[in-house]
Amino acid sequence: VQLQASGGGSVQQTGGSLRLSCAVSGRTFSNSVMGWFRQDSGKEREFVAVISGRSTAYTDSVKDRFTVSWDRAKNTVYLQMNSLKPEDTAVYYCASGYKYSYFARDYVYWGQGTLVTVSS
């Protein structure tokens, strides 16, 4: 199983948007849990969002700003990020597992990470 994250970049002002993609190869989405995490330098990796079936969940700091979704035909998970803030700056990782979880330790497969930088 391979996860390929992409879509990161630099947003020059607060309030901008980016869409991250995570292309999954080697498995299908049926019975899968897909998560997004982020890690800023010097900090622990933190949960951002999770999707499984029609269920989604978000960390409080991104609720109403970020949306996780998937395109089964493309075997790709997306994280639409709106109203970006400087505190959203981090390397974002997608992950796949079998347990609906907010904890990184519960995920089995990880993408390589994509950097998001938001300047004020």
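Is Trp110 buried, exposed or partly exposed? In this predicted model, Trp110 has a relative accessible area of 28%. Buried would require under 20% and exposed over 50%, so Trp110 counts as partly exposed. The residue is taken up again below, after the sheet and a loop.

An open sheet is built from 4 strands in the order S1-S3-S8-S7, with antiparallel pairing. Strand S1 (2–6) and strand S7 (66–71) are the edge strands; each has a single partner strand, so one side of each lacks a neighbour in the sheet. On average, and with direction ignored, neighbouring strands of this sheet are turned by 15° against each other. Strands of a sheet pair through backbone hydrogen bonds, in either a parallel or an antiparallel manner. Strand S3 (residues 18–25) and strand S8 (residues 76–81) run antiparallel and are joined by 6 bridges. Ser21 has Tyr78 as its bridge partner in S8.

The loop between S3 and strand S4 (33–39) contains Ser32. Its relative accessibility is 2%, so Ser32 counts as buried. Which residues does Ser32 contact, leaving aside its neighbours within four places in sequence? They are Arg27, Ile51, Ser52, Trp70 and Gly97.

The aromatic residues come next. The whole structure holds 7 aromatic pairs. In one of them, the ring centres of Phe37 and Trp110 are 5.2 Å apart and the planes stand at 50°, so this pair is tilted. Phe37 belongs to strand S4 and Trp110 to strand S10 (residues 107–110); with their positions 73 residues apart, the pair links distant parts of the chain. Phe37 has a relative accessible area of 1% and is therefore buried, whereas Trp110 is partly exposed. Trp110 also pairs with Tyr107, at 6.3 Å centre to centre and with 65° between the planes, an edge-to-face arrangement. Tyr107 has a relative accessibility of 5% and so counts as buried.

These three residues are part of one aromatic cluster, which is formed by Phe37, Phe47, Tyr93, Tyr100, Tyr102, Tyr107 and Trp110.

Arginine side chains are also placed over aromatic rings. Arg45 lies over the face of Tyr93, a member of the cluster, at 3.8 Å from the ring centre. Arg105 lies over the face of Phe103, at 4.5 Å from the ring centre.

Notes
Residues numbered from 1 in each chain as written. Predicted model: local features only at pLDDT ≥ 70, side-chain atom pairs only at ≥ 80, totals over all residues. Heavy atoms only, no water. Pairing = 2+ DSSP bridges. Helix = DSSP H or I, 4+ residues; strand = E, 2+ residues; numbered from the N terminus. Axes fitted to C-alpha atoms, helices over the stretch in contact; angles between N-to-C directions. Buried < 20%, exposed > 50% of the residue type's maximum accessible area, 1.4 Å probe, protein only. Contact = heavy atoms within 4.5 Å. Phe/Tyr/Trp six-rings, centres within 6.5 Å; stacked < 30°, edge-to-face > 60°. Lys NZ or Arg CZ within 6 Å of the ring centre and 35° of its normal.
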